[in-house]
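User: Hi! I am new to reading protein structures, and I would like a close look at one part of this one. Could you walk me through the greasy area on its outside and how it fits with the rest?

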Amino acid sequence: MTIISWIILGLLAGAIAKFLLPGRDPGGFIGTTLIGVAGAFIGGWISSRWLEHPITKDFYDGATWASAIGGSLVLLIAYRILFGHSRS
């Protein structure tokens, strides 16, 4: 996959992570989007490095999507813990 497809995958993974973990984020839409892109990269790297499942060149691979969404969820939770002062 190219860098553009990883960015698109990250945008979509960030939106899915936001849907799965609703609530108010300190960074708003832009922050959540950037977390989604970073989560896609980190999730893909973890999947290929430690889970012994290399990321394929296919954009529609389920494991690629799962790792991107999982990475986005982890980063979104960490972001809320570190920077989320109010839950209202």
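Analyst: Happy to help; here is the surface patch, set within the whole chain.

Please keep in mind that this is a predicted model. Let us begin with the overall layout. The protein chain has 3 helices and 0 strands, and reading along the sequence gives the pattern α-α-α. Its accessible surface comes to about 5,600 Å², and 73% of that belongs to carbon and sulfur atoms.

Now for the part you asked about. A nonpolar patch on the surface is formed by Ile3, Ile4, Ile7, Ile8, Leu11, Leu12, Phe41, Ile42, Trp45, Ile46, Trp50 and Leu51. Together, these residues have about 1,100 Å² of accessible area. Two elements each give two or more residues to the patch: helix 1, which covers residues 3-20, and helix 2, which covers residues 28-49. Helix 1 gives the most, with 6 residues.

One member of the patch is worth a pause. Trp50 sits in the loop between helix 2 and helix 3. Trp50 counts as exposed because its relative accessible area is 55%, and the cut-off for exposed is over 50%.

For contrast, look at Gly44, which is found in helix 2. Gly44 has a relative accessible area of 5%, so this residue is buried; the word applies to anything under 20%. Gly44 also gives us a bridge to the last helix in our tour: Gly44 and Ile69 are 25 residues apart in sequence, while their C-alpha atoms are 9.7 Å apart in space.

Ile69 is one of the buried residues of helix 3. The others listed with it are Thr64, Trp65, Ser67, Ala68, Gly71, Ser72, Leu76 and Arg80. The buried residues of helix 3 pack against helix 1 and helix 2, the two helices that each give two or more residues to the nonpolar patch. Helix 3 itself has 22 residues and reaches 31 Å from its first C-alpha to its last, close to the 32 Å expected at 1.5 Å a residue.

Finally, let us step back to the whole chain. Buried residues make up 34% of its 88 residues. Among contacts with a separation of 6 or more, 75% are between residues 24 or more positions apart. As you turn the model, try finding the patch residues of helix 1 and helix 2, then Trp50 in its loop, and then the buried residues of helix 3 that pack against those two helices.

Notes. Residues are numbered from 1 along each chain as its sequence is written. This is a predicted model: local features need pLDDT of at least 70, side-chain atom pairs count only at pLDDT 80 or more; totals for chains, interfaces and linings use all residues. Side-chain values use heavy atoms; hydrogens and water are left out. Patches are made of residues with over 30% relative accessible area and no salt bridge: like charges are joined within 9 Å, nonpolar side chains (Val, Leu, Ile, Met, Phe, Trp, Tyr) within 5 Å. Accessible areas come from the Shrake-Rupley method with a 1.4 Å probe; for residues, only the protein chains shown count as cover. A salt bridge is a side-chain nitrogen of Lys or Arg within 4 Å of a carboxyl oxygen of Asp or Glu. Helices (H or I, at least four residues) and strands (E, at least two) are DSSP runs, numbered from the N terminus. Buried means under 20% relative accessible area, exposed over 50%, partly exposed in between (1.4 Å probe, protein chains only). The expected span of a helix is 1.5 Å times one less than its number of residues. Contact means heavy atoms within 4.5 Å.
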